Amino acid sequence: MIKNICCIGAGYVGGPTMAVIAQRCPHIKVTVVDLNEKRIAAWNDPDVNKIPIYEPGLSQVVAEARGRNLFFSTEVDQAIDEADMIFISVNTPTKTYGIGKGMAADLKYIELCARQIARVAKNDKIVVEKSTLPVRTASAIKDILDNTGNGAQFQILSNPEFLAEGTAIEDLFAPDRVLIGGDTTPEGQKAIQQLVDVYANWVPKDRILTTNVWSSELSKLTANAFLAQRVSSINALSELCERTGANVNEVAKAIGLDSRIGPKFLKASVGFGGSCFQKDILNLVYIAKSYGLHEVADYWEQVIIMNDHQKRRFAKNIISTLYNTVSGKKIAFLGWAFKKDTNDTRESAAIYVADDLVNEQAEIVVFDPKVGQEQIQFDLNYLNTRTEEENKNAVKSVANPYEACKNAHAIAILTEWDEFKSYDWKQIYDNMLKPAFVFDGRNILDKKALEDIGFKYHGIGVNEI
Ligand code: UDX
Ligand code: ADP
């Protein structure tokens, strides 16, 4: 039976997942390690509200388990040495250099982990891939472990993460399914069973699925590709709705009632973001291309092309509506995170919309309940489209939404934070330049109520022609 788990990587996946395993399995010691000292220090902050990741319910789980059987540390070697089971939960960003640039996953951090495990491990271990990885990564990890280790035996399992940020704790408490892939050998099956036993502490057995490694790895990419495809499909229709006078919310509702289609993931938006969708689809495309399957690659790539178009279209619409110039105009952004209830901003549509508007010399002031100036500047600088100084001058962030909107020409809603709905919109209107525009990139505000106040409202796929 597994008694000691180590997780390498204390990020959005490793942190919440391990916190829940520790809370639900008090008999297992769980140590989460990371090279980033600042991040570990934040996880250990006596004030649980200061942990580095914002996720509803997470701080309570951490408060219960931390110091009991949940530990955060920078002592990577020690944690590896002591563990029976090691989760690899490090980041796998899209490559920014060399072959596969802009498409393939950068497996540098994964390989470093594998080498570190090989160097440190003195006894047999089960290594679990938790990060999203291209198909056949497990075999690379196995190669390194088998050929550079100290004679210890390793079993590699794939246990992809299906949690969505903002609902991570809910998703971990009651997952639709847990997927565990492993070797078909008796040793592989034994390792699978040991991980099944960990989850069985709180997940019903019929929700724990076991497969071979490749199916498990590919299922993760496929699930995200299908979800992202739904968003791109409805977003593609949103543009047609705007031209024809149909209302995309009504269309989504009407088709969602068909039980074969279902109501979820049909919210038209300014475009999907997050660390998974784009990266996983690009991975899928890259894998397909590398097997010479060009039609397969093109089919999935279109999901990304549509998403890029949707972000760009939103910015274009703001510019053309504001009389074809936003130069020197103040535009307030409500929201910067890629979705509500998270402080994660990776691939957020807000970044790209801001970039387009700054190219047109707009002045942007951002308010996000959980994202501050430092992160916003980091995201813009990461795009590498202008200097840090220029970004600082063009995009500012304030801690108060009313201040963000004061004297603005237009407001753009980039994230669907619930609190935006309960703002005093009359007060916001009174303090804006007229005509006052709202570009609701999430269709969360009440169009009629805003128009009654005097706003000119533009949602996604809902305008009268
Ligand atoms: C996703 C998967 O849902 C999850 O299973 C996987 O483990 C990781 O990737 P996440 O990226 O956290 O999770 O968020 P998700 O809720 O899937 O949203 C992704 C993006 O799509 C967000 O920007 C969201 O705003 C957008 N979206 C989602 C829409 O625009 N419309 C929708 O109807 C749903
Ligand atoms: P995710 O959303 O996949 O969890 P994050 O970027 O939030 O991604 O988290 C990944 C974490 O992994 C980062 O905190 C990073 O410092 C850590 N990390 C990367 N490589 C290593 C390594 N070799 N050893 C320990 N931690 C690592």
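# Briefing: a parallel sheet, its helices and selected residues

Strand 9 and strand 10 run parallel and are joined by five bridges. This is a predicted model. The two strands belong to an open, parallel sheet of six strands, ordered 11-10-9-12-13-14. The points below cover that sheet, the helices lying across it, two helix pairs and several single residues.

**The six-stranded sheet**

- Strand 11 (395-397) and strand 14 (456-459) are the edge strands, and each pairs on one side only.
- On average, neighbouring strands of the sheet are turned by 20 degrees against each other, direction ignored.
- Strands of a sheet pair through backbone hydrogen bonds, in either a parallel or an antiparallel way.
- In the pairing of strand 9 with strand 10, L334 has F367 of strand 10 as its bridge partner.
- Strand 10 is mostly covered, with four of its five residues buried.
- Towards the other edge, strand 13 (residues 437-440) runs parallel to strand 14. Four bridges join these two strands.
- One of the residues bridged there is D440, whose partner in strand 14 is G459.

**Helices across the sheet**

- Helix 13 (residues 349-359) lies across three strands: strand 9 (330-334), strand 10 (363-367) and strand 11. Helix 13 runs at about 180 degrees to strand 9.
- Helix 14 (residues 373-383) lies across strand 10 and strand 11. Its angle to strand 11 is about 160 degrees.
- Strand 10 and strand 11 are thus crossed by both helix 13 and helix 14.

**Helix 1 with helix 3**

- Two packed helices are described by the angle between their axes and the distance between the axes.
- For helix 1 (residues 14-24) and helix 3 (residues 58-65), the axes come within 9 Å and cross at roughly 50 degrees.
- Helix 1 and helix 3 are therefore oblique to each other.
- The crossing of helix 1 past helix 3 is left-handed.
- Helix 1 makes the contact with P16, A19, V20, A22 and Q23, while helix 3 contributes L58, V61, V62, E64 and A65.
- Sorted by class, this contact of helix 1 with helix 3 holds eight nonpolar residues, one polar and one charged.

**Helix 9 with helix 11**

- Helix 9 (residues 213-244) packs against helix 11 (residues 277-290) at an angle of about 115 degrees. Their axes are 9 Å apart.
- Helix 9 and helix 11 also make a left-handed crossing.
- From helix 9, the contact uses L218, K220, L221, N224, A225, L227 and A228. From helix 11 come F277, D280, I281, N283, L284 and I287.
- The contact of helix 9 with helix 11 has nine nonpolar, two polar and two charged residues by class.

**Y429 and the cis bond at P435**

- Y429 sits in helix 17 (residues 425-430).
- Is Y429 buried or exposed? Its relative accessibility is 16%, so Y429 counts as buried.
- Beyond residues up to four places away in sequence, Y429 touches K434, A436, I453, G454 and F455.
- Y429 and L450 are 21 residues apart in sequence, and their C-alpha atoms are 9.0 Å apart in space.
- K434, one of the residues touched by Y429, leads into a cis peptide bond to P435, with omega near -5 degrees.
- P435 is found in the loop between helix 17 and strand 13.

**N201 in its loop**

- N201 is in the loop between helix 8 (186-199) and strand 8 (208-212).
- With a relative accessible area of 37%, N201 is partly exposed.
- Leaving aside neighbours within four places in sequence, N201 is in contact with R24, C25 and H27. R24 falls within helix 1 (residues 14-24).
- N201 and A114 are 87 residues apart in sequence and 28 Å apart in space, C-alpha to C-alpha.

**Positive phi outside glycine**

- F265 is not a glycine, yet its phi is positive, near 60 degrees.
- F265 lies in the loop between helix 10 (248-256) and helix 11. Its relative accessible area is 38%, so F265 is partly exposed.
- E347, also not a glycine, has a positive phi of about 60 degrees.
- E347 lies in the loop between strand 9 and helix 13. Its relative accessible area is 27%, so E347 is partly exposed.

Note on methods. Residues are numbered from 1 along each chain as its sequence is written. Chains are lettered from A and ligands numbered from 1 in the order in which they are written. This is a predicted model: local features need pLDDT of at least 70, side-chain atom pairs count only at pLDDT 80 or more; totals for chains, interfaces and linings use all residues. Side-chain values use heavy atoms; hydrogens and water are left out. Two strands pair if DSSP finds at least two bridges between them. Axes are lines fitted to C-alpha atoms, for helices over the stretch in contact, and angles run from 0 to 180 degrees between N-to-C directions. Contact means heavy atoms within 4.5 Å. Angles under 35 degrees count as roughly parallel, over 145 as roughly antiparallel, 65 to 115 as roughly perpendicular and the rest as oblique. A crossing is left-handed if the near helix is turned anticlockwise from the far one by less than a right angle, and right-handed if clockwise. Ala, Val, Leu, Ile, Met, Phe, Trp, Tyr, Cys and Pro count as nonpolar, Asp, Glu, Lys and Arg as charged, and the others, Gly among them, as polar. Buried means under 20% relative accessible area, exposed over 50%, partly exposed in between (1.4 Å probe, protein chains only).
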